[in-house]
Amino acid sequence: MKKKLTLREQNKRDKKLRIQKAARQLFVEKGFAKATTREIAELAHVGLATLFLYASDKLDLLFLVYNDDLDELNKKAFSKVPKNADFDKQILHIWGHFYRYYAEIPDISRALLKEIIFFSEGKQCARFQEIRGDVVQGLSTLVSEAREKGQVVSDKEDYRIAEVIFYLFAIEVRLWLAESENPSPKAGLNRLAEKLEILFAGISPRT
């Protein structure tokens, strides 16, 4: 049975939801750079001091809004992986979810991906790092399954291979977003597929 929230807990949750909604609206309408924390607090009908109880600064606020999206996106992408598909198709299936999501909000996505590299402090940082770790761990599981099928042959650890796949995606998705105001998920995935083909084939001579 679900525990009933106290009045204080309900009030706290309502404030958080209002802040998230207001921040999302202004980030989309004005862009991350132009939206201010004061404007967000006013739209959410909370004081600026209250807003900073939920997020340390505007960057932290960005992740307060989008951590939920990224967590849901991650779960959706990995839950729908076609089990009988080849390893490369599985990887592209996963990244396809991310490319389509980022294409819907390119301006916000650029801000998210730009700041992720140096996002190491703030109230929302630990949760974001956990979500990113879940992505790499999910990839590692797929590497392990592909190894059992004979589709991966390497003396490197599954997790290390997963990290390489993740970092390749991280670079490619940033380049893709930077090159167009209205990025095409299909074009981005095609270019990523070319890079993955090189990675999976390897560049060393066969013995």
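## A bridge between two helices

Arg 191 is partly exposed, with 23% of relative accessible area. Keep in mind from the start that this is a predicted model. The partner of Arg 191 is Glu 172: the two form a salt bridge in which the closest N and O atoms are 3.0 Å apart. Because Arg 191 belongs to helix 9 (residues 185–201) and Glu 172 to helix 8, this pair ties together parts that are 19 residues apart in sequence.

Is Glu 172 buried or exposed? Its relative accessibility is 5%, so Glu 172 counts as buried, the cut-off for that label being under 20%.

## A bridge within one helix

Helix 8 (residues 158–178) also holds a pair of its own, Arg 160 and Glu 163, which sit three residues apart, about one turn of the helix. These two form a salt bridge as well, and their closest N and O atoms are 2.7 Å apart.

Here too you can look at each partner in turn. Arg 160 is partly exposed, at 44% relative accessible area, while Glu 163, at 18% relative accessibility, counts as buried.

## More charged pairs

Side chains of opposite charge can pair when their charged atoms come close. How many salt bridges does a search of the whole structure find? The search finds eleven.

Among them is the one between Lys 30 and Glu 39, with the closest N and O atoms 2.6 Å apart. Lys 30 is partly exposed, with a relative accessible area of 35%, and Glu 39 is partly exposed too, with a value of 27%. Elsewhere, salt bridges link four residues into a network: Asp 68, Asp 71, Lys 75 and Arg 127.

## Getting to know helix 4

Now follow helix 4, which covers residues 58–79. At its start, Asp 57 places a side-chain oxygen within 3.2 Å of the backbone nitrogen of Leu 59. Further along, at Tyr 66, helix 4 bends by about 45°.

What span should the 22 residues of helix 4 have? At 1.5 Å a residue, 32 Å is expected, and the end C-alpha atoms are 32 Å apart, which agrees. As for its surroundings, 17 of the 22 residues of helix 4 are buried, so the helix is largely enclosed by the rest of the structure.

Methods. Residues are numbered from 1 along each chain as its sequence is written. This is a predicted model: local features need pLDDT of at least 70, side-chain atom pairs count only at pLDDT 80 or more; totals for chains, interfaces and linings use all residues. Side-chain values use heavy atoms; hydrogens and water are left out. Helices (H or I, at least four residues) and strands (E, at least two) are DSSP runs, numbered from the N terminus. The expected span of a helix is 1.5 Å times one less than its number of residues. The bend at a residue is the angle between axes fitted to the seven residues ending there and the seven starting there. Buried means under 20% relative accessible area, exposed over 50%, partly exposed in between (1.4 Å probe, protein chains only). A polar contact is a pair of N or O atoms within 3.5 Å; within protein, one must be able to donate a hydrogen and the other to accept it, and residues adjacent in sequence count only if both atoms are side-chain atoms. A salt bridge is a side-chain nitrogen of Lys or Arg within 4 Å of a carboxyl oxygen of Asp or Glu.
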